[in-house]
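Me: I should like to learn how burial, contacts and helix crossings are read from a model. Please take the features one at a time.

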Amino acid sequence: MLQLRNIVKNYEAGNTQVEALRGVDIEFRRSEFVAVLGPSGCGKTTLLNIIGGLDRYTNGDLIVDGVSTKKYRDADWDIYRNKEIGFVFQTYNLIAHQTVLSNVELALTLSGVSKGERKRRAAAALERVGLGDQLKKKPNQLSGGQMQRVAIARSLVNDPEILLADEPTGALDTENSVQIMEILKEIAKDRLVVMVTHNPDLADRYATRIIRLLDGRVTDDTNPYTGHAVHTSERTRGAEHSPKKNEKLKERRNRKKPLTILTALSLSLNNLLTKKARTLLTGFAGSIGIIGIALILSLSSGMQAYIAGIERDTVASYPIIIESSSVELGAMLGMAADMRESAVDHDLDKIYSKDVMGGMLEGMTQGMTANDLASFKEYLDTVENIDQYTNDIQYTYDTPLIIYKSDTAGGAVKLNPSTLMEGVMPAGSSNMAAASPFGSDPSNAWKRLMDDEEVLNAQFDIIEGRLPAAWDEVVIIADEHNEITDFMLYSLGLKDQSELRQMMRAAQSGEELEIEPASYTYDELMGLTFKLLLPTDMYEQRGTGWVDKSEDADFMKQAVDGAPSLRVVGILRETPDAAMGGMNGAVGYTAELMDHVASSVRQSDIARAQMDNPELDVFTGKPFANSASPSMPDLSQLTDEQRAQLAALSPEQIAGFMGGAATASSATYEDNISKLGVSDAAHPSGIRIYPRDFDGKGELANMIRDYNFEMTAAGQDEKVIQYTDYTDILMSSVDTVIGGISTVLIAFVSISLVVSSIMIGIITYISVLERTKEIGVLRSIGASKGDISRVFNAETLIVGFLAGALGIAVTFLLCIPANAIVERLTGITNAAQLPIIGAVSLVLISMALTFISGLIPARIAAKKDPVVALRTE
């Protein structure tokens, strides 16, 4: 059962070594009542602490069920105390802030027993010692004898094999002493009870065996046990390494569970409730920094919500436009703002021109970027439920929409894509959507309408005619003031394009621009028709190749005359609350028009000839340069070794090589396909995403950020999408200022958080000192060092939560008068509003800071010697 083999225990007292036990050899029966007698200082309590695993022996061995404890780790000793040992102390060592039932339950809690089973077994143990009617009382409501019986119940509740009693009657009167001894005598019938006492009368009367100690040695043993002693070193070593014994030890380890956070919180909360005033004051002191930060966050959040409200009302659904090649035109923002603020001094009876070209020409700047739209389109196609965030996603392709003026009396006049900006804007620069009044490429005033008719009806009033219903029908779109830009008039052919070239020269020379206003009746606009040309219509086959005839005036006039017509079937006016920014001042067409153009291009003779012969240049009739037909090498790029090889060739070899290169086309298949306007649905040249609402726009922006993050993480930076949302920049600049001010203020206020955290750390250390005996009690019933740390960490978490909750409550109260004052002075409502997430975050931050500040005190508590802790008063 239990055997002490030559146990030696030495203490260091300064420079002196004290021998508390000197070679103690004792073996105990499984069930007997052993009394240990001896004068003070003879080693009785030390012997008890070593048997109970509270203290470690210096030499010798403690053998439990044939298993040596020499190799026990801290965790093994914790399990041993929890499962095998029950302690009864002279001073009871009950936890004052716990009820009688909770005190007894504690050992079961450390054993991982379920809540219901704990209560049942604890109540049964208390019933056994005659305290079944005292379960809800606190220890200070009991007599000394009752408290000792609670201690005995606590020691028995885990059904230990060994019960250790250290002077169990030392603080009791005679009557209570007898009662306690009777209980211990009854217990000794089915387990080992080892009692240390100074009272030889009680020992003689109740003990079945008396062991006397003197100066750390056993001087007498009235009933020694040697029947199963292990006398040989071989038997002992076998016990140390027996597989069966090791399996038993492993089983014990598996049964021990760490103290749960809920139990730790319960212990700490009960302790804090015994010091309510100090706990409240500590929480309030810790909340001062939280209050400061929360007030700053409230003001920042309130103003950002105010700005967001403005943004939500004005720029909620401007499309997100992404082009394969883009130009940053930041200066256009100011020009667009001036145009929006210009006064309207005419009636709404006609369509009037609106000057924008001068300002645009004067404010234009350049800055190119490129986007891989094919990869991004593939990503968009995989996004689930994207429809819930968008009204429409429009893809544009390299197939140009070529529109000519129907009247060819003065020759073929190209209207779209407009050549008005040639020489000023580089080809392909088209990311002006958010900055310009046209909402997209200023060289293209023709805009695709959204497919959702309900959305169109919400955004526009039909002031004449109807919406287009076929690919050859278009509408003209005016703004809410019945105005269209003069650029639009040039695109419609209603104004002479030569005027714009004169304006360009004047702008470049710094002259003041004078624009004559114009107006048009609805009937004049409804009578307009346009001619649709395909990119492939401008080529003529000659022999084995095709010739570009776009510069041949007669050919182009004939081609335009024979081209299909597009007719205006309606005039739309933007509603005052329309969110479809950038659609006013445009010719609107349906998606069917571009589908018709793309399909017609692919079915044209020249396009089919090129696609059917991908190795042959249809324009020259020559094969494309490839391995079979080498192209002329760049001699300047040759290495010395290559030059030497070339010099070694014969004249015939060089001539053959040069002739082969000369027969190859300098173009590529991809160049020709692009030149012909043949498009691939998987490779758009532009993407327009129309958000359903403000929140949808935010979700779409998040999707683009997620996509960019995935590409960057995959090492594919070339696929990262770059686009500029100018409306977002305008609003976010104000947010940035507010956020910067808030950050600076929070940084100053955070100093108080650090100070309060240090204070809470100090208070936690004081709590460790106050609860030292409780630490010893917990260790005696099997609590590990980690369990002790959890108890004090739980206390700091509670204090942190209290500080955070108080800070948030005070902040909400202070926001009420603050909002009333701001509203009275500025008219802004809810200027201070603390977001719920912010409030929760601050509480969590408070808990985290107090937790960190309590780590050192908690570690100090865990390292306390349980023997020393139990002696602390």
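**Burial, contacts and crossings**

Reply: Serine 300 has a relative accessible area of 8% and is therefore buried (under 20% is buried, over 50% exposed, and in between partly exposed, with a 1.4 Å probe and protein chains only). The model is a predicted one, in which local features need pLDDT of at least 70 and side-chain atom pairs count only at pLDDT 80 or more, while totals for chains, interfaces and linings use all residues. Residues are numbered from 1 along each chain as its sequence is written, and side-chain values use heavy atoms, leaving out hydrogens and water.

Me: In which helix is serine 300 found, and with which residues is serine 300 in contact, leaving aside its neighbours within four places in sequence?

Reply: Helices (H or I, at least four residues) and strands (E, at least two) are DSSP runs numbered from the N terminus. Serine 300 belongs to helix H11, residues 276-314. Contact means heavy atoms within 4.5 Å; neighbours within four places aside, serine 300 touches Ile738 and Ser742.

Me: Where does aspartate 548 lie, and what does its side chain reach?

Reply: Aspartate 548 is in strand S25, residues 545-548. Its relative accessibility is 41%, so aspartate 548 counts as partly exposed. The side chain of aspartate 548 reaches the backbone nitrogen of serine 550 at 2.9 Å. Apart from neighbours within four places in sequence, aspartate 548 is in contact with Met538 and Tyr539. Methionine 538 is ten residues away along the chain, with 6.1 Å between the two C-alpha atoms.

Me: How is a helix crossing read, and at what angle do the axes of H27 and H28 cross?

Reply: Axes are lines fitted to C-alpha atoms, for helices over the stretch in contact, and angles between N-to-C directions run from 0 to 180 degrees. The axes of H27 (residues 772-780) and H28 (residues 785-826) come within 10 Å and cross at roughly 140°. H27 and H28 are therefore oblique to each other (under 35 degrees is roughly parallel, over 145 roughly antiparallel, 65 to 115 roughly perpendicular, and the rest oblique). Ile775, Leu778 and Arg779 of H27 meet Lys785, Ile788, Val791 and Phe792 of H28.

Me: Which residues make the contact between H29 and H30?

Reply: The axes of H29 (residues 836-853) and H30 (residues 855-862) come within 4 Å and cross at roughly 45°, which makes H29 oblique to H30. The contact is formed by Phe851, Ile852 and Ser853 of H29 with Leu855, Ile856 and Pro857 of H30.

Methods:
A polar contact is a pair of N or O atoms within 3.5 Å; within protein, one must be able to donate a hydrogen and the other to accept it, and residues adjacent in sequence count only if both atoms are side-chain atoms.
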